[in-house]
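User: Please take a close look at one part of this model, the open sheet and what packs by it. Keep it brisk.

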Amino acid sequence: MIECIKLMRRQWEKLHSPGTNITASQAPALLGYSPYESALTAHARALGLLPPRDTSITMRCGHVLEPLVARLYTEETGRKLTNPGKYTGFRNTERPWLACTLDRLWPGNGPVELKTTGDFSAAKLWRRGSAPDANIIQLLVQMYCTDTYMGSLAGLMHNRGFVTFDVPRDDAMLADLLALLDRVHDNLLAGILPDEVDGSDSTAETLAVLHPLDNGLTQIVGTGEAEKIREWADLKQGIAA
């Protein structure tokens, strides 16, 4: 069953605050598909080990330009959109911890994500009628939370181009995605951070916060790298013998 929740601002902030709830906008980062922060950083932030992300100039511009992108979408497609409101949440009672808020809704069809980008790689995908994985994951979660079968993306690129395309719901992909999010939710409940780490700046900054006494002599490595180090140590010991 789908629930539409009219939230007060404090309730909305709590939904997006550290805890065990997961929103459609958080899901890509928690699964390691965000271009802005690593999975480790997203988990640490969700567990309250890091402060909330600062509102960047990019995020502020996207919010200000949202009505324009919605108007361009309607002009391009002829579809009339509704605005559920910033503090309106949707969730599927199968997973009450998974929720979303929508930029716009195409009544009778599904969610519409309004995006602005100065990222040439994202713009290149949009022009081909595709989108970064993070966009697809967000739309799939929104379709699950609203029980709809069509998502749509509208993208304003560098203030010089505009593109829109539909993303049909893929139930097989959604099932895999939900299984991954179930695992993430279980880890958040248990306070567990991801085992694997990457070499991104985001991860390095997070590790510096989580391990403030690190002297730089010990490296935290993933499972594959640890196995290579063990093999190297065994080889070195054999040579010495």
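Analyst: Here is the sheet, followed by a pair of helices.

This is a predicted model, in which local features need pLDDT of at least 70, side-chain atom pairs count only at pLDDT 80 or more, and totals for chains, interfaces and linings use all residues. Residues are numbered from 1 along each chain as its sequence is written, and side-chain values use heavy atoms, with hydrogens and water left out.

The open sheet has four strands, in the order β5-β6-β7-β8. Its pairing is mixed. Strands (E, at least two residues) and helices (H or I, at least four) are DSSP runs, numbered from the N terminus. Two strands pair if DSSP finds at least two bridges between them. At the edges sit β5 (104-106) and β8 (161-168), each pairing on one side only. From one strand to the next, the twist averages 25 degrees.

Now the β7 and β8 pair. Strand β7 covers residues 150-157 and pairs with β8 in the antiparallel sense, over eight bridges. Leu153 stands opposite Phe165 in β8.

Helix α6 (residues 133-146) lies across β6 (110-117), β7 and β8. It runs at about 155 degrees to β6. Axes are lines fitted to C-alpha atoms, for helices over the stretch in contact, and angles run from 0 to 180 degrees between N-to-C directions. Contact means heavy atoms within 4.5 Å.

Last, the helix pair. Helix α3 (residues 39-46) packs with helix α8 (residues 201-210) at an angle of about 40 degrees, with axes 8 Å apart. That makes α3 oblique to α8, because angles under 35 degrees count as roughly parallel, over 145 as roughly antiparallel, 65 to 115 as roughly perpendicular and the rest as oblique. From α3, the contact takes Leu40, Thr41 and Ala44; from α8, Ser202, Thr203, Thr206 and Leu207.
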